[in-house]
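I opened this notebook to record where enclosed empty space is left inside the protein and what lines it. The entries follow the order in which I looked things up.

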Amino acid sequence: MSAYGTTRQPGGGATPKDKTTDYHTALFRRLAWEGTVPVEIRVDPKELPANSDRGLECYYIQAPRVSYLPLLLPEIRRFLMDVVFDEAAASSLKEEDWWFETEEGTITKWHWPLGLIYDNHAISLTVRSSAPPSTAMAPPLRLILHLASPPTEKLMLSPSQEACKQAFMGQLKEADFIRWGSTKRVTGLRKLEQDGIWEGIREHNFDDYWRVASKVTPSASQPVPPPLAGASGHVRPPSTDAPSTFDRDGAYSVRCIPVRVYLPDGPILQEFVPPLLEDGTPNTLYHFLSTHLPLLFPPRPPAPPPSRAKPNPQPPAVPNLAFVMIQGVVSPPEAEMAWLGVCMAGADGWLSICVGINRT
Amino acid sequence: VVVRFKAVGNAPIMKQNFYKITSSNRFQAVIQFLRKELGWQAGEPLFTYINLSFSPAPDDTVANLFKACGTDGHLIVNYSTTQAWG
């Protein structure tokens, strides 16, 4: 496990606290990686070639959140060719013209990870009048597969795996740039490693992916406590500290965390997300959202001063207008942005925050 | 947002390099705009990068890219005929 926790200790064993940190980091990364979403794929009935077996036109996949639609195409095509289409139809179909859209008519993009497509769809349902009752089971994402006339303007990419890989690498570099102001960590990878990280996604292999990803993803080590006032006049370099908590490559040392906020049917927001606030405390989900989306996440007013009648006052409650979904899980407001950025981010390095509206 | 186009390698330099682009535009629109300004067809290879670093997703908005990577009040978009930082 500790191969994927990335604390770097100069010799000596890791302290028990660091081993716990490693374990949690690896645990959440593994959970995020293994997350899957149910997808139902149905060919547009109007486009089904003649002589197709209509009883079988739905295909179900429990797909990994970190995967992409172009990677699912071979499997879907195999099913359709073997089971649904007849020979004549199969030979005339051009896979590069295939494209997907949701039941509501949203075109699904090739370069969005499946987990994001699913969560984005889930939050868009929260603003539609026909809100389904919340059930314990996650409903499948129903996609309609079209076989012709792809809306290339909106799709922006071809459905090829190569285009998808390029888009993925681009996102990885952009995330690297956001974190550190340069892409040298990603571009510094050998070609074999760059190909390897994509293979890890293609083959859905956690170890292969993280073998390379651990070189570009910051470690989740805890932030440095603010320096003591009145300490000796110069700053001691990190290497002279005993098993130190300072990690130059840690999640709390980045200049900005790569985050995108998705609103239901709405714009995609990208704001400056520092790991630490001006007072040195970690930036939390609550602070970030109440700063940038104050109408949905009103900041909590401070607690009234203690009085005799109420010696331990709580701040007044604020309405719970919206919720936050990360990797399909509703996230607590006190989650730290830096930690989320290295443990709950997507495979492309980006933390996707989907905001849904609470319906009461 | 002011976009500054910088040619890389053998790519032709434009007469005018600074353009004002509406921030809500997707990067896709910037690529199309560049093609039009250069007079290139859709089939001809054109690669675009931000700050000589990475190629953004076509649906990233100009606003978001500028917020994250803008320098000196503008967004630097490099363009070339060959893949440089792919």
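I first asked where the largest cavity lies with respect to the domains. Domain 2 (160–217) and domain 3 (251–301 + 317–357) of chain A each contribute lining residues, so I place the largest cavity between them. I note that the model is a predicted one.

I then looked up the volume of the largest cavity, which is about 170 Å³. It has 20 lining residues, and those closest to its centre are Tyr209(A), Trp210(A), Ala345(A), Gly346(A) and Ala347(A).

Next I listed the elements that supply two or more residues to this lining: helix H1 (16–34), helix H6 (161–180), helix H9 (206–216) and helix H11 (337–343), in chain A. The greatest contribution is that of H9(A), with four residues. Sorting the lining of the largest cavity by class, I recorded 14 nonpolar, four polar and two charged residues.

I also asked how many cavities of 30 Å³ or more the structure holds. There are two.

The second largest cavity has a volume of about 40 Å³. For its lining I noted Arg179(A), Pro218(A), Ala251(A), Val254(A), Ile257(A), Pro258(A), Ala338(A), Gly341(A) and Val342(A). H11(A) provides the largest share of this lining, three residues. By class, I entered seven nonpolar residues, one polar and one charged for the second largest cavity.

As a last entry, I noted that H11(A) appears in both searches: it gives two or more residues to the lining of the largest cavity, and three to that of the second largest.

Note on methods: Residues are numbered from 1 along each chain as its sequence is written. Chains are lettered from A and ligands numbered from 1 in the order in which they are written. This is a predicted model: local features need pLDDT of at least 70, side-chain atom pairs count only at pLDDT 80 or more; totals for chains, interfaces and linings use all residues. Side-chain values use heavy atoms; hydrogens and water are left out. On a 1 Å grid over the protein atoms alone, a cavity is a set of points where a 1.4 Å probe fits but cannot get out, and a pocket is an open set with protein on both sides within 12 Å along at least five of seven lines; lining residues have an atom within 4 Å of a point. Grid points are joined across faces, edges and corners, and a volume is the space filled by probe spheres set on the points. Ala, Val, Leu, Ile, Met, Phe, Trp, Tyr, Cys and Pro count as nonpolar, Asp, Glu, Lys and Arg as charged, and the others, Gly among them, as polar. Domain bounds come from an automatic or database domain assignment.
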